[in-house]
Amino acid sequence: MATFRLQGSKVLAVDMTGDAVKAKNGSMVAYDGQMAFKKLTGGGEGIRGMVTRRLTGEQMTLMEVKGQGTCFFADRASEINLVALRGDKLYVESSNLLATDGGLRTGTTFTGLRGGASGNGLFTTTVEGSGQVAITSDGPAVVLRVTPQYPLSVDPGAYVAHQGSLRQNFQSGVTFRTFMGEGGGEAFQIRFEGDGLVYVQPSERNTIGGDV
């Protein structure tokens, strides 16, 4: 299995000994050794995945990198965060997915109104299996714990990913910043309940909620 490690906070180094990884198309910045690159169809899910992503509007273009040596990846100087999956599933915005172990399965899932509020569409990407995932964020991501006793509400524009046994609901509300005319998406929130982790970034995308 390939080894993921950070070279600073904005470059991902992947050591490979004949392994394969999937990465965002065009994210390779350097490599040593012998590497082969191949563009993947349908986010790495083949023809069926391509059809599904076209129908859902969840766009993700990946490439397969295979070889011997070390390959370095980056995406617009974004911060990179490593997530270890142990047979579980990660839900992540496709724009925030940088790389995965070659054996991990990717797919799409319905997000409902959360996706509409965040401006990312009604579907999001899933990564499932055992292995490493690298996700990006605009600024250092914060990992927040959700427990049955402590649910969590998140601005859709700051949401990056989540994992665990979590239920998410879309809720609206008026906050102090909304009254002051400084709403940044807070008029709409995602409420997470259950047991798991939520990754948020210290920067907000432009969202529908932020314009209301």
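**Notebook: contacts, strands and salt bridges**

I began with Phe-4. Leaving out residues up to four places away in sequence, I found that Phe-4 touches Leu-12, Ala-13, Val-14, Val-21, Leu-82, Ala-99, Thr-100, Asp-101, Gln-132, Val-133 and Ala-134. I note here that the model is predicted.

**Entry on confidence**

I looked up the pLDDT next. The chain averages 82, and 75% of the residues score at least 70. Over residues 208–212 the pLDDT is below 50, and this stretch has ten contacts in the model beyond near neighbours in sequence. Residues 113–121 also stay under 50, and for them the model has 27 contacts beyond four places in sequence. Where pLDDT is low, the predicted coordinates should not be read in detail. I therefore do not read the contacts of residues 113–121 in detail, as their pLDDT is under 50.

**Entry on the nonpolar cores**

I went back to Phe-4 and asked which residues have the most contacts inside the largest nonpolar core. They are Phe-4, Leu-12, Val-14, Met-16, Val-21, Val-65 and Phe-73, in a core of 16 residues. Strands S2 (12–24), S4 and S6 each supply at least two residues of this core. S2 gives the most, with five residues. A second, separate core has 15 residues, including Leu-40, Leu-85, Leu-104 and Ala-161. In soluble globular proteins, nonpolar side chains tend to be buried together.

**Entry on strand S8**

Is strand S8 largely enclosed or open? I found that twelve of its 15 residues, which run from 123 to 137, are buried, so S8 is largely enclosed by the rest of the structure. I then listed its pairings.

- S5 runs antiparallel to S8, and 13 bridges join the two strands. Here Asn-81 stands opposite Ile-135 of S8.
- S6 (residues 97–101) pairs with S8 in the antiparallel sense over three bridges. Thr-100 stands opposite Val-133 of S8.
- S7 (residues 105–110) pairs with S8 over six bridges, in the antiparallel sense. Phe-110 has Phe-123 of S8 as its bridge partner.

**Entry on salt bridges**

I searched the whole structure and found nine salt bridges. I followed a few of them.

The side chains of Asp-15 and Arg-5 meet in one, with N to O at 2.8 Å. Asp-15 lies in strand S2 and Arg-5 in strand S1 (residues 3–6), so the pair ties together parts that are ten residues apart in sequence. Asp-15 is partly exposed, with a relative accessible area of 24%. Arg-5 is partly exposed as well, at 33%.

Lys-89 forms a salt bridge with Glu-128, and the closest N and O atoms are 4.0 Å apart. Because Lys-89 lies in strand S5 and Glu-128 in strand S8, this pair ties together parts that are 39 residues apart in sequence. Lys-89 counts as partly exposed at 29% relative accessibility, and so does Glu-128 at 28%.

Glu-128 also forms a salt bridge with Arg-105, where the closest N and O atoms are 3.9 Å apart. This pair links distant parts of the chain, since Glu-128 is in strand S8 and Arg-105 in strand S7, 23 residues apart. Arg-105 is partly exposed, with a relative accessible area of 49%. Salt bridges that share partners join Lys-24, Asp-75 and Arg-76 into one network.

**Entry on Arg-76 and Ala-77**

Where is Arg-76 placed? I found Arg-76 in the loop between strand S4 (62–73) and strand S5 (79–92). Arg-76 is exposed, with a relative accessible area of 70%. Its phi is near 55°, a positive value in a residue other than glycine. Ala-77 is in the loop between S4 and S5, and the phi of Ala-77 is positive too, near 60°. Most residues other than glycine have a negative phi.

**Entry on Thr-70**

Thr-70 is in strand S4. I checked whether Thr-70 is buried or exposed: its relative accessible area is 10%, so Thr-70 is buried, the cut-off being under 20%. A polar contact of 2.7 Å joins the side chains of Thr-70 and Asp-15. Beyond four places in sequence, the contacts of Thr-70 include Arg-5, Ala-30, Tyr-31 and Met-35.

**Entry on Gln-201**

My last residue was Gln-201, in the segment after strand S12 (188–200). Gln-201 counts as buried, at 9% relative accessibility. A polar atom of its side chain lies 2.8 Å from the backbone nitrogen of Asp-138. Apart from neighbours within four places in sequence, Gln-201 is in contact with Asn-96, Ser-137, Asp-138, Gly-157, Ala-158 and Val-160.

Conventions:
Residues are numbered from 1 along each chain as its sequence is written. This is a predicted model: local features need pLDDT of at least 70, side-chain atom pairs count only at pLDDT 80 or more; totals for chains, interfaces and linings use all residues. Side-chain values use heavy atoms; hydrogens and water are left out. Helices (H or I, at least four residues) and strands (E, at least two) are DSSP runs, numbered from the N terminus. Buried means under 20% relative accessible area, exposed over 50%, partly exposed in between (1.4 Å probe, protein chains only). A polar contact is a pair of N or O atoms within 3.5 Å; within protein, one must be able to donate a hydrogen and the other to accept it, and residues adjacent in sequence count only if both atoms are side-chain atoms. Contact means heavy atoms within 4.5 Å. pLDDT is the predictor's confidence in each residue, from 0 to 100. Two strands pair if DSSP finds at least two bridges between them. A nonpolar core is a set of buried Ala, Val, Leu, Ile, Met, Phe, Trp, Tyr and Cys residues joined through side-chain atoms within 4.5 Å.
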